[in-house]
Amino acid sequence: MRKGDSPKRTGILLRSLVLLCSVLFVRELTAQDLSYYLPDSFSYNPAVPKPKEVIHHEVGEWHVTHDRLVNYMKAIAAAAPDRVKLETMGFTYESRPQVLLIITSPQNHQRLEQIRQEHVQLSDPARSGSLNIDRMPIVVYIGHSIHGNEPSGANASLLTAYHLAAATGKQIDELLNDVVILLDPAFNPDGLQRFSTWANQHKSKTLVTDPDSREFHEVWPGGRYNHYWFDLNRDWLPLVHVKSRNRLQWFHRWKPNILTDHHEQGSNATFFFQPGVPSRVNPLTPAKNQELTAALAKFHAAFLDRIGSLYFTKENYDDFYYGKGSTYPDINGAIGILFEQASSRGHAQQTAHGILRFPFTIRNQFVTALSTLEGAKALRKEFLAWQRDFYKNAMAEANAATVKAYVFGDAHDKTKTALFLQLLRQQQIEVYALNNAVTADGYRFEKGNAWVVPAAQTQYKLIRAIFDKTLQYKDSVFYDITSWTLPLAYGIPYAELTAASYSPSLRGEPVGDVTLPQGTVNGGKSGYAYLFEWDEYFAPRALYELQQAGILAKVATNAFETTAGGSARRFDYGTIIIPVSLQEKNADELYELVQQVAQRNHITVYAVSSGSVLSGSDLGSGKMAVLSKPSMAMLVGTGVNALDAGEIWFLLDQRFGMPVTHLETGAFNRVKLDKYNTLIMVGGNYSELDKDKLKNWVQAGGTLILTEEAVQWAARNGITGVTFRKRNEQQQASVLPYAEREFFQGAQRMSGAIFRAQIDRTHPLAYGYNYAFADLFKSNAVFPEKNKNPWSNPFVYGDKPLQSGYITGENYELLKNSAAVLVNAVGAGRVISIADNPNFRAFWLGGTKLFMNAIFFGRIIDAASAR
Ligand SMILES: [Zn+2]
């Protein structure tokens, strides 16, 4: 046996032991029957089907597709109904079921609802004191492969389900008596399906282990992501996706004590389990959480030692951003555990440790699911007590805190405010209508348009995680973003209320189910014109629906006052005007359409009967610019940042009902571009793109929208004249010892923070914003100098732009007084450069208007203002 053939699981230490190596290798060849995986101390009920009987291959022989995975889970539930109950949590974008197995002893199943109700009382300090923890089962949620191309977890769930359903004897009976298991076989069904198809279609009968083989190199965008190319492991807090919302309902229905999150890492690594880097734990997470994580880690170590697997802890991974599956539980009285298995990516691949085989990766995930359950059983009372204490302590902290409540609301954008309310309710947060007007932090909050979140409630910790700004950090290296203050992300006015400014009398009715505002036509049918303002979230969708129906619409580039609905009313910059006489539809048909559009988009449309205004420009003025319907393409494919492109696809498709062609970079050079008036480019490598063709298209009148690194690309390739500020790289040298170099490099990375830009509200790109600023999210090192023409920098950063998050002093100096958004006229066209990410993870609703303005109003920006 050649050295290189040694299976990774023998570990490098054993390589020289040829005899032992060959014994293990023989076992590896037969690895695909269940004996390779299952502990030998159990016998199994033959009435429960083994995976192969349902999915038609051994575990690890092929990558299980999501369909087969679900089939097996159904078969398990059917064969062992006294232990296993299958629930369907919902469906993905591609209509795959999200199934959840509830596994516990037959006795527990008989009183499952009672167990659940008692269990969730641990999270309620008002009731938890009287509970008897001695007899309560612990609840463990086991979750897999939220990144679809990290499949060992999902494949291991076949084994976990089989073992828990079929094992017999005292040991399993005791486990199932003490533990209620929520087994989620696949956090990301659409991604798993995509990846399994790729890996399987490239499998050779004679396994090819060369890492350069196509099997190990998925085509763009890969199976990591969900349908819209999002990383679902960032969505536990913002809940943008239906999958996350479905899953979270079950999380809170059961409030597990432990949640496991089974991932994969680079192929040359070993196995990671938490705790992660101690200095990178979110300060809102209590120290006890990490103690319990460490106590559980002893079980993972012992179980992995037993099968000879190498592992590491306390490095690389952190517990900071609560949108991750292994961190979200930490702010909910539970313990989240991240597992990271070195990925075979396909079926077997050469690595630094020899050949890494898919079954080996599956076995480590299965073994750590078992170690989690064993640890949960052994530490049951400690975990249950911790859940109770977490909420008791949180309430005590809330009562002692300076901030007594948070007030928020945007009278101009009721829909966006309602979407924020929905999020808070989904996160189990109590919210009340504001009962009396209050002024705080420079904002006036009025009854009817504002809400209040008292701090003293069960979810106090999570409220802090949502509302806090963060400016102090123990570490300067981050695995993910450093701040996500959600009212800033939504762009909704908010303020903290202290004992001096808060009284319980500010609380009105509690908010239950949140519905979006009722859209109406104020003033009924018009024979002259309809108007609607641009500040409501779905106003752009309303405009697009009208344009789709062939309606000619104009936009007001000046504010004006006119009589609407019987009284004088001011209409702001960006008001949309639909003159009745210019349409092909008659007045009745138009009214019918406008009513539907108002209702579907939750906006108020005003009927007016005259073009003569009280002040400002009349409706027939040249200041009312005719709008053309966007016809859009976005460049996608290899080299393009899939996350950024996916955010735009999701925004346009799911939120705004607007089609966007996905134009492959490889196809760009041969397609006719004149069918598009708008092209979108996000950060990416566009080296093969025909730059002259792109520039000619802009010169002929196209609107090119660039975000993040694409701003640099366009400047580098002579499409714009934008220039950039750069860090003096010389300063880096010899600051830290070699062994600490990662800290220097890591700190310089722009992990993501929130900055406030000053905006010119009269500029078309700022229409719909109601304040002189907008909060933007930056996670790149693109720092453009302002254009010389002052009207071509509608969003700029001032001297103190940082709102929340971490940035090094060097980077901050570069950001201060730089441009956030620039417009450059190129021939008859416009290039709109947005240096930040206005659509960050689709929860940055405060950037939506900027992006939609670029799409709808880019063409009406005065060319002279941008040269
Ligand atoms: Zn992962």
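This is a chat about a predicted model, covering its zinc site, salt bridges, open spaces and backbone.

Student: Hi! What should I know before I start?

Tutor: Residues are numbered from 1 along each chain as its sequence is written, and side-chain values use heavy atoms, with hydrogens and water left out. This is a predicted model, where local features need pLDDT of at least 70 and side-chain atom pairs count only at pLDDT 80 or more, while totals for chains, interfaces and linings use all residues.

Student: Cool, let's begin with the metal. Which residues coordinate the zinc ion?

Tutor: His147 and His263 each use ND1, and Glu150 appears twice through OE, at 2.0 to 2.7 Å. Donors here are N, O and S atoms within 2.8 Å of the metal (3.2 Å for Na, K and Ca); water is not among the atoms, so sites may look incomplete.

Student: What spacing do the donors follow along the chain?

Tutor: The pattern is H-x2-E-x112-H. His147 lies in the loop between β4 and α7, while His263 is in strand β7 (residues 258-265), so the two tie together parts that are 116 residues apart in sequence. For these names, helices (H or I, at least four residues) and strands (E, at least two) are DSSP runs, numbered from the N terminus.

Student: Why is the arrangement around the zinc ion irregular?

Tutor: Because the four donor atoms subtend angles of 54 to 153°. Four donors count as tetrahedral if all angles lie between 85 and 135 degrees; four count as square planar and six as octahedral if opposite donors are over 155 degrees apart and all others between 65 and 115; anything else is irregular.

Student: Are those histidines buried or exposed?

Tutor: Both His147 and His263 are buried. Buried means under 20% relative accessible area, exposed over 50%, and partly exposed in between (1.4 Å probe, protein chains only).

Student: On to salt bridges. How many does a search of the whole structure find?

Tutor: The search finds 29. A salt bridge is a side-chain nitrogen of Lys or Arg within 4 Å of a carboxyl oxygen of Asp or Glu.

Student: Which residue meets Glu150 in a salt bridge?

Tutor: Arg224 does, at 3.3 Å, N to O. This pair links distant parts of the chain, 74 residues apart: Glu150 sits in the loop between β4 (138-144) and α7 (152-166), and Arg224 in the loop between α9 (189-201) and α10 (242-254). Glu150 is buried at 4%, whereas Arg224 is partly exposed at 23%.

Student: Which residues are linked in a network with Glu150?

Tutor: Arg224, Asp231, Arg234, Asp480 and Arg841 are linked with Glu150 in a network of salt bridges.

Student: Got another bridge for me?

Tutor: Sure! Lys85 and Glu87 meet through their side chains at 2.9 Å, N to O. Lys85 is partly exposed at 40%, and Glu87 is buried at 17%.

Student: Now pockets. What is the volume of the second largest pocket?

Tutor: About 610 Å³. Its lining has 29 residues, and Asp480, Leu643, Ser779, Phe840 and Arg841 lie nearest its centre. Asp480 and Arg841 also belong to the salt-bridge network.

Student: How is a pocket told from a cavity?

Tutor: On a 1 Å grid over the protein atoms alone, a cavity is a set of points where a 1.4 Å probe fits but cannot get out, and a pocket is an open set with protein on both sides within 12 Å along at least five of seven lines; lining residues have an atom within 4 Å of a point. Grid points are joined across faces, edges and corners, and a volume is the space filled by probe spheres set on the points.

Student: And how many cavities of 30 Å³ or more are found?

Tutor: Two. The second largest has a volume of about 30 Å³, and its lining residues include Leu651, Arg655, Phe843 and Trp844.

Student: Last topic, the backbone. Where are the cis peptide bonds?

Tutor: One runs from Trp220 to Pro221, with omega near 0°, and Pro221 is in the loop between α9 and α10. Another joins Gln274 and Pro275, with omega about 15°. Most residues other than glycine have a negative phi, and most peptide bonds are trans.

Student: What is the phi of Glu708?

Tutor: Phi of Glu708 is near 45°, a positive value in a residue other than glycine. Glu708 is found in the loop between β31 (703-707) and α22 (709-716), and is buried at 4%.
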